[in-house]
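Q: I am new to this structure and would like a close look at its aromatic side chains, with enough of the surroundings to place them. Could you take me through that part step by step?

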Amino acid sequence: MSFLRPEALATLTRWRELALTLAAAAFGLWVATWGGWFYGVIGAVILTFALGLALTAWRRLRFAAEASAPGIVRYDEGAIAYFGPETGGLVALSEVTEVRIAASPQGPVWRIAQEDGRIVAIPVRAAGADKLFDTFAALPGASARAFLSAVEHPPEGERRVWQRADRPAEPRLPG
C-alpha cells in the first residue's frame, strides 16, 4: 500500500534522476565550503561531474513523452525493436543510415532507415521510446539538441534529424 497517489508517484519517478543529480551537485558545493584547498578541489570535481549528469538528465526528461501511443520499443545489444499492434520492426544501430521525424494522425513518428532501404516507424509516444535518446546520441555525429528540437517542435510534414556520413570505401585487394 502506497501513501502517495499514483499520479504523484509517477511524477516523482519521472523527475528522480534530475533530483538526484542536483542533490549530488549541492553535496559537492557543501564539500567545497569545508575549508582548505583539498576540500575545495574535491567539492569542485563533485559539483562539475554532478552538473554534467544533471544536464544529461534534463535532456532525457525533455525528450521523454508520456507513453500514449500503441506499441513497445526495446533496445537490446545494438538493435532497436518496435512491437506495434499493426506494424513493427528491428533495426541494427550499425545499419542505420537516416533518422527522420514525421507527422502522423496519431502524433509524431520516428522514421529510421537502414542500409537495405527498410524503414521502421516508431511513434514518439510509444512505451519505451524515451530510451531512444541515449540510442540516438550514440549515432556518429548526432546532435542531442537536434533530437530534442524534433520532439519539442515536431514538423507538420517530415524532417531529417540525422544522416550517416558517407562511409569510406572498402579497401580492394590488388588483382
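A: A good place to begin is Tyr39, which is partly exposed at a relative accessible area of 35%; here buried means under 20% relative accessible area, exposed over 50%, and partly exposed in between, with a 1.4 Å probe and protein chains only. This is a predicted model, in which local features need pLDDT of at least 70 and side-chain atom pairs count only at pLDDT 80 or more, while totals for chains, interfaces and linings use all residues. Residues are numbered from 1 along each chain as its sequence is written, and side-chain values use heavy atoms, with hydrogens and water left out.

The rings of Phe, Tyr and Trp (for Trp, its six-membered ring) are taken to pair if their centres lie within 6.5 Å, and a pair counts as stacked with planes under 30 degrees apart, as edge-to-face over 60, and as tilted for the rest. The structure holds nine such aromatic pairs. One of them joins Phe38 and Tyr39 in an edge-to-face arrangement, with 5.5 Å from centre to centre and 70° between the planes. Phe38, like its partner, counts as partly exposed, because its relative accessibility is 48%.

Another pair is formed by Trp110 and Phe147, which are tilted towards one another at 55° between the planes, with their centres 5.8 Å apart. This pair links distant parts of the chain, since Trp110 belongs to strand β5 (residues 109-114) and Phe147 to helix α4 (residues 144-152), 37 residues apart; helices (H or I, at least four residues) and strands (E, at least two) are DSSP runs numbered from the N terminus. Trp110 has 0% relative accessibility and therefore counts as buried, and Phe147, at 2%, is likewise buried.

Returning to Phe38 and Tyr39, we find that they belong to one aromatic cluster with Phe27, Trp30, Trp34 and Trp37.

To place these rings, consider the chain as a whole, which has four helices and eight strands. Read from the N terminus, the elements follow the order α-α-β-β-β-β-β-β-β-α-α-β. The radius of gyration is 21 Å, well over the 16 Å that the globule rule gives for 175 residues, so the chain is more spread out than a compact globule; this radius is taken over C-alpha atoms, and the rule is 2.2 Å times the number of residues to the power 0.38. The C-alpha trace spans about 65 × 60 × 30 Å along its principal axes, and buried residues make up 29% of the 175 residues.

Contacts help to fill in this picture, where contact means heavy atoms within 4.5 Å. Among contacts between residues at least 6 apart in sequence, 52% join residues at least 24 apart. Thr21, in helix α1 (residues 6-32), counts as buried because its relative accessibility is 10%. Leaving aside residues up to four places away in sequence, Thr21 touches Ala50, Leu53, Ala54 and Ala57. Leu4, by contrast, lies in the segment before α1 and is partly exposed at 43% relative accessibility; with residues up to four places away in sequence again not counted, Leu4 touches Leu9 and Leu12.

Two loop positions complete the surroundings. Gly128 sits in the loop between β7 (126-127) and α3 (132-137) and is partly exposed at 22% relative accessibility. Its C-alpha is 8.7 Å from that of Tyr75, although Gly128 and Tyr75 are 53 residues apart in sequence. Glu77, for its part, is placed in the loop between β1 (69-76) and β2 (79-83), and with a relative accessible area of 79% this residue is exposed. The phi of Glu77 is near 50°, a positive value in a residue other than glycine. Most residues other than glycine have a negative phi.
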